[in-house]
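Me: I'm new to this one and would like a quick tour. Can you show it to me before I start asking?

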Amino acid sequence: KNSADPLYSRYGIEFKKMIASESKRAILVVRGDLQATLGTDVPFYEQSSLGGENNLRGFGMDRYIDKQLIALSIEERLHVLRMRLAGVIADFEVAPFLDTGQVFNSFKNLSFKDYRFTPGIGFRALVRPNVVGRIDLGFGKEGKVVFVGLDFPY
């Protein structure tokens, strides 16, 4: 039975750690995400989702949806080139990454055997301080996925 006015609460915690190399030419970025939705009759569009340009980049947008979520991403941003373009300085980076995660109905049903892993590689063009263009190519079990955007994925 679906209620006309479902009652639920959604909680989330995210951590992100950036670790620069001594030369500052490489930055390791680690991001974790934990989400919990409590209640009954939670609309699907309010539930947690995996897949898309910001998590599990080897799958299309919102490929996996359920009430709870655990996700982890590791990305190494490697500076490869600096050049002057149209009067501004542009930096170019290559960013290999590994995304993993799982959605599930209840923390009681949490199983590490169901985690999905998507390796990939990103390409970044930066005009500091505020402009970032990116292309991410993720490899999931259902094929390759390409995301193009303006900003870092996280």
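Me: Which residue in E9 does Leu137 stand opposite?

Reply: First, a note: this is a predicted model, where local features need pLDDT of at least 70, side-chain atom pairs count only at pLDDT 80 or more, and totals for chains, interfaces and linings use all residues. Residues are numbered from 1 along each chain as its sequence is written, and side-chain values use heavy atoms, with hydrogens and water left out. Strands are DSSP runs of E, at least two residues long, numbered from the N terminus, and two of them pair if DSSP finds at least two bridges between them. E8 (residues 131-140) and E9 (residues 143-150) run antiparallel, joined by 8 bridges, and there the residue opposite Leu137 is Val146.

Me: Why is one side of E1 and of E9 left without a neighbour in the sheet?

Reply: The sheet is open, with 7 antiparallel strands in the order E1-E2-E5-E6-E7-E8-E9. E1 (8-20) and E9 stand at its edges, so one side of each stays free because each has a single partner strand.

Me: Which side chain of opposite charge is nearest to Lys67?

Reply: Lys67 sits in the loop between E4 (64-66) and E5 (68-85). Lys67 is buried (under 20% relative accessible area, 1.4 Å probe, protein chains only). Lys67 has no salt bridge (a Lys or Arg side-chain nitrogen within 4 Å of an Asp or Glu carboxyl oxygen). With Lys and Arg counted as positive, Asp and Glu as negative, and His and chain ends not counted, the nearest opposite charge, 7.0 Å away, is on Asp66.

Terms used. Helix = DSSP H or I, 4+ residues; strand = E, 2+ residues; numbered from the N terminus. Buried < 20%, exposed > 50% of the residue type's maximum accessible area, 1.4 Å probe, protein only.
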